[in-house]
Amino acid sequence: MGFAKGELILEIGYGADCDDALRTEIKKIVATDFHENSTNEVVDAVLLWFRDGDGDLVDELMDAMADLSETGPIWVLTPKVGRDGHVEPSDIQDAAPTCGLSQTSTLVVAQDWTATRLVARKAGKR
């Protein structure tokens with residue numbers, strides 16, 4: 001997922017169903033604790049755990065961008081196909097441009113979770 005030591009990570013939407021092994025691995029890499037829900041610091045990346053029924057994805061993405069550095073990614077973590085709370089990939093593809101974001105990749109990151117990487121669109125690109 002491209003994390004580096006010392007990066008500040010904001011985590012949104014954590015719940016009992018989240019993959020603790022993935023969280024532990026990311027924390028080992030960055031060697032810092034996650035910020036939760038909001039912070040007064042600019043963060044290097046956001047982990048957004050999002051399930052069908054969690055609300056409006058556009059609103060969640062806009063909130064996530066408030067504390068994010070200009071070059072930082074938002075990783076939208078969603079339950080895999082067939083799991084409770086699965087989010088259709090098209091829902092993420094539709095929400096991203098509304099927030100000025102572009103989807104760059106999707107990875108299987110845990111047994112039950114997929115991660116979609118969103119980044120800010122380049123200002124000069126058309």
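**Notebook: cores and overall form of a predicted model**

I looked first for the nonpolar cores of this predicted model. The largest nonpolar core holds 20 residues, and I noted Val46, Leu48, Leu61, Ile74, Val76 and Leu118 as those with the most contacts inside it. I then asked which elements give two or more residues to this core. They are the strands β1 (9-12), β3 (45-49) and β4 (74-79), together with the helices α2 (57-65) and α3 (89-98). I also found a second core, separate from this one, with 16 residues, among them Phe3, Cys18, Leu22 and Leu77.

Next I looked up the neighbours of Leu118. Leaving aside residues up to four places away in sequence, I found that Leu118 touches Leu61, Gly72, Pro73, Ile74, Val76, Ile92, Ala96, Leu101, Ser102 and Gln103.

I turned to the order of the elements. I counted 3 helices and 6 strands, arranged along the sequence as β-α-β-β-α-β-α-β-β. The radius of gyration is 14 Å, close to the 14 Å that the globule rule gives for 126 residues, so the chain is as compact as a globular protein of that length. Along the principal axes, the C-alpha atoms fill a box of roughly 40 × 35 × 20 Å.

I checked the contacts with a separation of 6 or more: 70% of them join residues 24 or more positions apart. Of the 126 residues, 41% are buried. I recorded an accessible surface of about 7000 Å², with 46% belonging to carbon and sulfur atoms.

Last, I examined the charges. The chain has 12 positive and 23 negative charges, and their mean positions lie 9 Å apart.

Methods:
Residues are numbered from 1 along each chain as its sequence is written. This is a predicted model: local features need pLDDT of at least 70, side-chain atom pairs count only at pLDDT 80 or more; totals for chains, interfaces and linings use all residues. Side-chain values use heavy atoms; hydrogens and water are left out. Helices (H or I, at least four residues) and strands (E, at least two) are DSSP runs, numbered from the N terminus. The radius of gyration is taken over C-alpha atoms; the globule rule is 2.2 Å times the number of residues to the power 0.38. Buried means under 20% relative accessible area, exposed over 50%, partly exposed in between (1.4 Å probe, protein chains only). Contact means heavy atoms within 4.5 Å. Accessible areas come from the Shrake-Rupley method with a 1.4 Å probe; for residues, only the protein chains shown count as cover. Lys and Arg count as positive and Asp and Glu as negative; His and the chain ends are not counted. The place of a charge is taken as NZ of Lys, CZ of Arg, CG of Asp or CD of Glu. A nonpolar core is a set of buried Ala, Val, Leu, Ile, Met, Phe, Trp, Tyr and Cys residues joined through side-chain atoms within 4.5 Å.
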